[in-house]
Amino acid sequence: HSEPFPAALAVGLGVFIGCTPLYGLQTPIALGLAFLFRLNAVLLLLGTQISIPPVAPFLVFFSLLLGAQILQKPLGNLSVDNVLSFASESLITWAVGSIALGLLLGACFGLVTYLFFRTSNRRRASARNWSGKSRGGKFGNAFLTTVIQRLGLGTERIESELHRLFPA
């Protein structure tokens with residue numbers, strides 16, 4: 001699927017799933033949703049990779065910050081060092097924040113994916129249309145000429161075959 005909207009939806013949904021605290025279940029959930037909504041499974045799984053180990057503590061940290069803001073709950077002494085122990089104590093705050101962060105990041109990544117695929121499809125469409133110029137290049141044209149000459153197909157024979165096939 002290289003259509004812009006389904007690709008963007010797949011990546012955005014994958015990023016949303018990747019931001020949730022459902023570690024270990026993200027891949028099966030993503031595959032199930034890809035099958036259910038007929039989305040590109042590769043792009044959806046690629047989106048879930050936002051929660052790789054070096055990034056995951058930061059996702060948890062910002063999820064807790066957003067969750068605390070939404071629920072109007074004080075965080076106490078939250079830092080990047082104690083984020084995982086703090087997250088286990090305030091699972092509701094983490095879940096609410098991860099939904100908000102997932103929606104925000106999913107929309108951002110989905111928009112970037114949409115713009116990328118839209119631009120990419122335009123370039124491919126313009127490259128597919130023949131402009132009337134030779135597309136073989138010097139090597140390709142020389143190769144074709146050599147093959148035609150080696151097979152004994154002179155220009156007279158080619159012209160006669162063309163006139164026979166396409167009478168004027």
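This passage walks through the helix α4, the nonpolar cores and the aromatic pairs of a predicted model. Residues are numbered from 1 along each chain as its sequence is written, and side-chain values use heavy atoms, with hydrogens and water left out. Because the model is predicted, local features need pLDDT of at least 70 and side-chain atom pairs count only at pLDDT 80 or more, while totals for chains, interfaces and linings use all residues.

Start with the largest nonpolar core (buried Ala, Val, Leu, Ile, Met, Phe, Trp, Tyr and Cys residues joined through side-chain atoms within 4.5 Å; buried means under 20% relative accessible area, exposed over 50%, partly exposed in between, with a 1.4 Å probe and protein chains only). It has 15 residues, and those touching the most other members include Ala 10, Leu 43 and Leu 59. At least two residues each come from α1, α2, α3 and α6 (helices are DSSP runs of H or I, at least four residues, numbered from the N terminus). The largest share, 6 residues, belongs to α1. Apart from this core lies another, of 10 residues, with Val 60 and Trp 94 among them.

Helix α4 covers residues 56–71, and its buried residues include Leu 59, Val 60 and Phe 61. Just past α4, Gln 72 has a positive phi of about 55°.

As for rings, there are 3 aromatic pairs (Phe, Tyr or Trp rings, the six-membered one for Trp, with centres within 6.5 Å; planes under 30 degrees apart are stacked, over 60 edge-to-face, the rest tilted). Phe 61 and Phe 62 sit edge-to-face, 5.4 Å centre to centre with 70° between the planes. Phe 61 counts as buried because its relative accessibility is 15%, whereas Phe 62, at 43%, is partly exposed.

Conventions. Expected span 1.5 Å × (residues − 1).
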